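Work through the exercises below with the sequence and the structure open beside you. Try each task before you read its solution.

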Amino acid sequence: MQRSYDIAIIGLGPAGALFATHLDKGFKTIALDKKIPQANDGFQKPCGGLLAPDAQRALSRFNMTLPKEILVDPQIFAVRTIDLKSNLTRHYQRHYINLDRHKFDMWLVGKIPQHVEVDSGATCTDIARENGGFRIIYTSDGACKTIWARRIVGADGANSIVRRALFADFKIHSYLAIQQWFANFHDTPFYSCIFDPDITDSYAWGLTKDSHFIFGGAFPVKTGKQGFETLKQKLAPRGFHLDNPVKTEACLALRPFGPRNYCYGGKDAFLIGEAAGFISPSSLEGISYAIDSGYLLSQCFNARGDDPYWPYRRGTRKIRLKLLSKYFKRPFIYQPLARKMVMKSGLAAISIID
Ligand SMILES: Cc1cc2nc3c(=O)[nH]c(=O)nc-3n(C[C@H](O)[C@H](O)[C@H](O)COP(=O)(O)OP(=O)(O)OC[C@H]3O[C@@H](n4cnc5c(N)ncnc54)[C@H](O)[C@@H]3O)c2cc1C
C-alpha cells in the first residue's frame with residue numbers, strides 16, 4: 001500500500017533540517033535525503049565548509065553551540081586575496097569557522113525529532129501532482145518506492161528536483177562549482193580567495209582542512225572544467241600545490257541576479273534554502289539563508305492558516321533585503337577596476353608580519 005503523508009521534505013541540508021526540526025508534531029512528515037550519515041564514499045555536499053558570521057548569528061538564534069568534533073584544523077583569521085588580473089595580493093581579516101561540512105549537516109539532521117520519519121540514503125527521482133497532492137518516487141536500499149504527500153517542501157539545493165519538476169519554467173543563472181581535495185603540502189596553513197576575470201566572473205578559493213587542502217571555484221557552466229584546470233596552472237608559481245587530487249567534487253551553485261530570481265514555490269509546493277535561490281551573489285555564502293528560510297517556513301506551517309505560501313513569501317522579505325545588500329556589494333568585489341582600486345588603496349587590508 002502506498003504510504004501517505006501531510007508533508008514530504010526533499011533534502012536535509014541546513015534548510016531542510018531546520019524546517020523538519022521546528023515543524024509541529026501534529027503533521028505526519030517524511031524527510032528524504034540522499035546523504036548517508038557515516039559513509040565517506042556516499043554523496044556529500046561539496047562546500048568550502050566555512051561558517052560565516054551570518055550563519056553563526058542564525059545558529060545563535062536557536063541557542064545552538066557547535067561541538068568540537070565538527071570543527072577542522074586550523075581556524076584561520078585572515079584571507080589571502082589574490083587578483084591575478086592586477087597582480088595584487090592583500091590580506092583581510094575574516095571571522096569564519098572552519099568546519100567539516102558533512103559532519104555539520106549530519107549534526108543538524110541528528111536534531112530532527114523522532115516524529116519526523118527520516119529516510120537517509122534516499123534519492124528522489126520523480127515528482128508529479130496527483131489527487132490534490134504529490135506522488136513522489138525515490139530509491140532507497142536498492143528499492144524503488146512511491147509515496148504520496150499533501151504538501152511538498154523542496155530543500156534539495158541548487159539543482160532542486162522539486163523546482164525542476166514542478167516549476168520547470170523557472171530558471172536561475174548558475175555556475176559550475178568544482179572543488180578538489182589534495183594531501184596538504186603547504187608549509188603554513190592558509191585560506192585564499194582568487195579572482196581571475198579571464199576565467200570566471202565569480203571566484204575561486206583554497207583552504208587548509210586538517211590534513212587536506214581544498215581548492216575550488218565557481219565557473220561559467222560551459223567552460224568550467226577547462227577554467228578550473230587553467231587556474232590551477234596559473235597558481236602553481238604562487239606556491240599552490242595542486243597536483244594529484246584525492247577527490248573531485250562538482251555541483252551547481254546558483255547566482256540570483258535579483259528579486260525575480262527567487263522561486264518560493266506555489267500550490268502546496270514550497271522551496272527553501274538554495275533551492276529557492278537564497279544564496280549570496282557576492283560570496284556564495286548560503287548556510288545562513290538556508291537556516292533562516294527553513295525555520296521561517298516551519299513557522300508558517302505551524303500557524304495552520306489555509307495556505308502557508310503567502311505568509312512564507314512575505315516573511316522572506318528580510319532574507320531578500322539582506323541578499324539585495326550583497327548584490328550592491330558585488331561590483332566592488334567582482335568589477336576588475338573597482339576591485340583593483342580597493343585592493344591598491346589597502347582599505348581594510350592587514351599587513352602580515354612574517
Ligand atoms: C563548492 C561550494 C562551496 C560552498 N561553500 C560555502 C561555504 O563555505 N559557506 C557557506 O555558507 N556556503 C557555501 N556554499 C553554499 C552552500 O553550500 C549552500 O548555499 C547551502 O548548503 C544551501 O543549503 P540548503 O539546505 O538549501 O541546500 P544543500 O545544503 O545543498 O542541501 C540539499 C540537500 O538535498 C539533498 N538532495 C539533493 N537532491 C536530492 C534528491 N534528488 N533526493 C534526495 N535528496 C536530495 C542533498 O543530499 C543535500 O543534503 C558553497 C557552495 C558550493 C557549491
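**Exercise 1.** Decide whether Asn63 is buried, partly exposed or exposed, and describe its backbone and its place in the chain.

Solution. Keep in mind throughout that this is a predicted model. The relative accessible area of Asn63 is 68%, and the cut-off for exposed is over 50%, so Asn63 counts as exposed. Next, look at the backbone: Asn63 has a positive phi of about 60 degrees, although it is not a glycine. Most residues other than glycine have a negative phi. Finally, locate the residue, which sits in the loop between α2 and β4.

**Exercise 2.** Find out what kind of peptide bond joins Asp73 to Pro74, and say where Pro74 lies.

Solution. Begin with the omega angle, which is near -10 degrees for the bond from Asp73 to Pro74, and this bond is cis. Most peptide bonds are trans. Then place the residue: Pro74 belongs to the loop between α2 (53–60) and β4 (78–83).

**Exercise 3.** Examine Asp210 in the way that you examined the residue of the first exercise: which phi does it have, where is it, and how exposed is it?

Solution. The phi of Asp210 is positive, at about 50 degrees, although Asp210 is not a glycine. Asp210 is in the loop between β13 (204–209) and β14 (212–220). Its relative accessible area is 44%, and because partly exposed covers the range between 20% and 50%, Asp210 is partly exposed.

**Exercise 4.** Classify Asp292 and Ile178 as buried or exposed, and list what each touches beyond its neighbours in sequence.

Solution. Take Asp292 to begin with, which is in helix α6 and has a relative accessible area of 16%. Buried means under 20%, so Asp292 is buried. Leaving out residues up to four places away in sequence, Asp292 touches Ala58, Arg61, Ile319 and Lys322.

Now turn to Ile178, a residue of strand β11 (residues 174–183), which at 6% relative accessibility also counts as buried. With residues up to four places away again set aside, the residues that Ile178 touches include Phe215, Phe228, Thr248 and Glu249.

**Exercise 5.** Describe the nonpolar cores, and name the element that gives the most to the largest of them.

Solution. The largest nonpolar core has 68 residues, and those with the most contacts inside it are Phe19, Phe104, Ile136, Ile152, Phe278 and Phe301. The element that gives the most to this core is α6, with eight residues. A second, separate core has 22 residues, among them Ile76, Ala158, Trp181 and Leu284. In soluble globular proteins, nonpolar side chains tend to be buried together.

To follow one core residue further, consider Ile152: outside its neighbours within four places in sequence, its contacts include Ala8, Ile10, Ile127, Phe134 and Val162.

**Exercise 6.** Describe the surroundings of the ligand, and identify backbone atoms that lie by its oxygen atoms.

Solution. Start with the shell, in which Asp33, Lys35, Arg101, Cys124 and Glu274 come nearest among 35 residues. By type, the shell divides into 19 nonpolar, eight polar and eight charged residues. By element, α1 (14–22), β8 (123–130), β15 (247–254) and α6 (287–302) each supply at least two residues of the shell. Then look for backbone atoms: a polar backbone atom of Pro14 is 3.2 Å from a ligand oxygen atom, a backbone N or O atom of Ala15 is 2.9 Å from one, and for Gly49 the distance is 3.3 Å. Overall, the protein covers 94% of the 1000 Å² of accessible area that the ligand has on its own.

Notes:
Residues numbered from 1 in each chain as written. Predicted model: local features only at pLDDT ≥ 70, side-chain atom pairs only at ≥ 80, totals over all residues. Heavy atoms only, no water. Near = heavy atom within 4 Å. Polar contact = N/O pair within 3.5 Å; in protein donor to acceptor, adjacent residues only side chain to side chain. Areas by Shrake-Rupley, 256 points an atom, 1.4 Å probe, with all protein chains shown as cover. Helix = DSSP H or I, 4+ residues; strand = E, 2+ residues; numbered from the N terminus. Nonpolar A, V, L, I, M, F, W, Y, C, P; charged D, E, K, R; others polar. Core = buried A, V, L, I, M, F, W, Y, C linked by side-chain atoms within 4.5 Å. Buried < 20%, exposed > 50% of the residue type's maximum accessible area, 1.4 Å probe, protein only. Contact = heavy atoms within 4.5 Å.
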